[in-house]
Amino acid sequence: MELEKKPVKEFKAKVIKVIQETPSTKTLVFDISHVDFDFYPGQYMMVNVPYEGQVLKRAYSIASPPTQKETLELTIKKVPEGRASTYLTEKVKEGEEFLLKGPYGKFVWLPQMGTSLVLIGAGSGIVPLMCILRYIVSAKLEHVKATLLYSNTHYEEIIYREELERMDKHSNIKVVHTLTRSHPPDWKGYTGRINVEMILKEVEDIPTNLYYLCGPPAFVEDIASMLLELGVDKNQIKKEKYD
Ligand SMILES: Cc1cc2nc3c(=O)[nH]c(=O)nc-3n(C[C@H](O)[C@H](O)[C@H](O)COP(=O)(O)OP(=O)(O)OC[C@H]3O[C@@H](n4cnc5c(N)ncnc54)[C@H](O)[C@@H]3O)c2cc1C
């Protein structure tokens, strides 16, 4: 399905709020009330990040839904020794201005593409999937069914944990967590990496859904081969790799 491209715009935007999501992750809320900006759920922005007198250009998925017009949210996880992500999670203060450019990307979902969705993410790979879920909730798309499988290393690193708990209470949204390295004693989710058994147990009508996979390249490719093995057509699998 060919979508009409949203115009790419370049604009300065001020951070009006910084939200600590997890020990290593922050959400920057930008004021975009001065811009006529639109995007599809799942797309990303390029951000100019100052670094030792240079400018680093980095891609960050949009976390807020397109129904939210005045502000735009980006969620950044600090990668060890990462230059831009360290700046954005440790140095940025409210009031700082950034040059943003976008939207970009073909990792997009709209209701006319399919109404049975399976979103599979690891770590910061949740961001564009959250945008899709927030869009489903805010646009009241109750006919859309979405299952999220979300993998993290530790409980404390689950981004948007409380909001996901609230979303899981919606009859059309199911949230499934797995933790790969440590878990609290009373943990009720899965442990270990997402595998074929987990998918068979949690996902209904496997070959008929649309799949959105996001995270590190190896994670995305692993999950894609599991889905192909389970009989999903490759055209029903969309991938976004954070490398
Ligand atoms: C489409 C897309 C969307 C994305 N969306 C998000 C998002 O929503 N949220 C998010 O958190 N991330 C997202 N990313 C990832 C993001 O763009 C950056 O790649 C990430 O923040 C790391 O950038 P950095 O400048 O901090 O790391 P860099 O400084 O570029 O370093 C990257 C890695 O290389 C290593 N490294 C750096 N310098 C050296 C060196 N000299 N020698 C050896 N190793 C080195 C670092 O240890 C680090 O592991 C996205 C990526 C893409 C492609």
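Me: Let me start with the ligand. Which of the 22 residues around the ligand come nearest?

Reply: Glu81, Gly82, Arg83, Ala84 and Ser85 come nearest, out of 22 residues around the ligand. Keep in mind that this is a predicted model.

Me: Which elements each supply at least two residues of the shell around the ligand?

Reply: S4, S5 and helix H1 (83-91) each do so. S4 gives the largest share of the shell, with 5 residues.

Me: And how do the residues of the shell divide into nonpolar, polar and charged?

Reply: There are 10 nonpolar, 7 polar and 5 charged residues in the shell around the ligand. Both domain 1 (9-104) and domain 2 (111-241) contribute, each with at least three residues of this shell.

Me: Let us turn to the backbone. What is the phi of Glu81, which is not a glycine?

Reply: The general idea comes first: most residues other than glycine have a negative phi, and most peptide bonds are trans. Here Glu81 has a positive phi of about 65 degrees. Glu81 sits in the loop between S5 and H1. A residue with 12 or fewer other C-beta atoms within 10 Å is classed as exposed, and Glu81 has 7 such neighbours, so it counts as exposed.

Me: What is the phi of Glu52, also not a glycine?

Reply: Glu52 has a positive phi of about 45 degrees. The loop between strand S3 (44-51) and S4 is where you will find Glu52. With 7 other C-beta atoms within 10 Å, Glu52 is exposed.

Me: Is the peptide bond from Gly102 to Pro103 cis or trans?

Reply: That bond is cis, with omega near 5 degrees. Pro103 belongs to strand S6 (residues 97-104).

Me: Now the interior. Which residues of the largest nonpolar core touch the most other members?

Reply: As a general idea, nonpolar side chains in soluble globular proteins tend to be buried together. In this model the largest nonpolar core has 62 residues, and Leu119, Leu129, Ile132, Leu133 and Tyr212 touch the most other members. Helix H2 (residues 126-138) gives the largest share of this core, 10 residues. Domain 1 (9-104) and domain 2 (111-241) each provide at least three residues of the core. Take a look at Tyr212: its contacts include Phe107, Trp109 and Lys238, leaving aside residues up to four places away in sequence.

Me: How do the two domains meet? How many residues does the contact take from domain 1 and from domain 2?

Reply: The domain assignment gives domain 1 (9-104) and domain 2 (111-241), and their C-alpha centres are 23 Å apart. The contact takes 16 residues from each of domain 1 and domain 2. On the side of domain 1 that touches domain 2, strand S1 (9-22) and S5 are the elements giving two or more residues. By class, that side of domain 1 has 6 nonpolar, 8 polar and 2 charged residues.

Me: Which residues does Thr67 touch, not counting those up to four places away in sequence?

Reply: Thr67 touches Tyr135, Ser138 and Ala139. The C-alpha atoms of Thr67 and Tyr135 are separated by 6.8 Å, although the two are 68 residues apart along the chain. Thr67 lies in the loop between strand S4 (54-61) and strand S5 (71-77).

Me: Last, the whole protein. How many helices and strands are there?

Reply: The protein has 5 helices and 12 strands. Its radius of gyration is 18 Å, close to the 18 Å from the globule rule for 243 residues, so the protein is as compact as a globular protein of that length.

Key: Residues are numbered from 1 along each chain as its sequence is written. This is a predicted model: local features need pLDDT of at least 70, side-chain atom pairs count only at pLDDT 80 or more; totals for chains, interfaces and linings use all residues. Helices (H or I, at least four residues) and strands (E, at least two) are DSSP runs, numbered from the N terminus. Two residues are in contact if their C-beta atoms, placed from the backbone, lie within 7 Å. A nonpolar core is a set of buried Ala, Val, Leu, Ile, Met, Phe, Trp, Tyr and Cys residues joined through C-beta atoms within 7 Å. A residue is buried if 20 or more other C-beta atoms lie within 10 Å of its own, exposed if 12 or fewer, and partly exposed in between; C-beta atoms are placed from the backbone. Domain bounds come from an automatic or database domain assignment. A residue is near a molecule or strand if its C-beta atom, placed from the backbone, lies within 6 Å of it. Ala, Val, Leu, Ile, Met, Phe, Trp, Tyr, Cys and Pro count as nonpolar, Asp, Glu, Lys and Arg as charged, and the others, Gly among them, as polar. The radius of gyration is taken over C-alpha atoms; the globule rule is 2.2 Å times the number of residues to the power 0.38.
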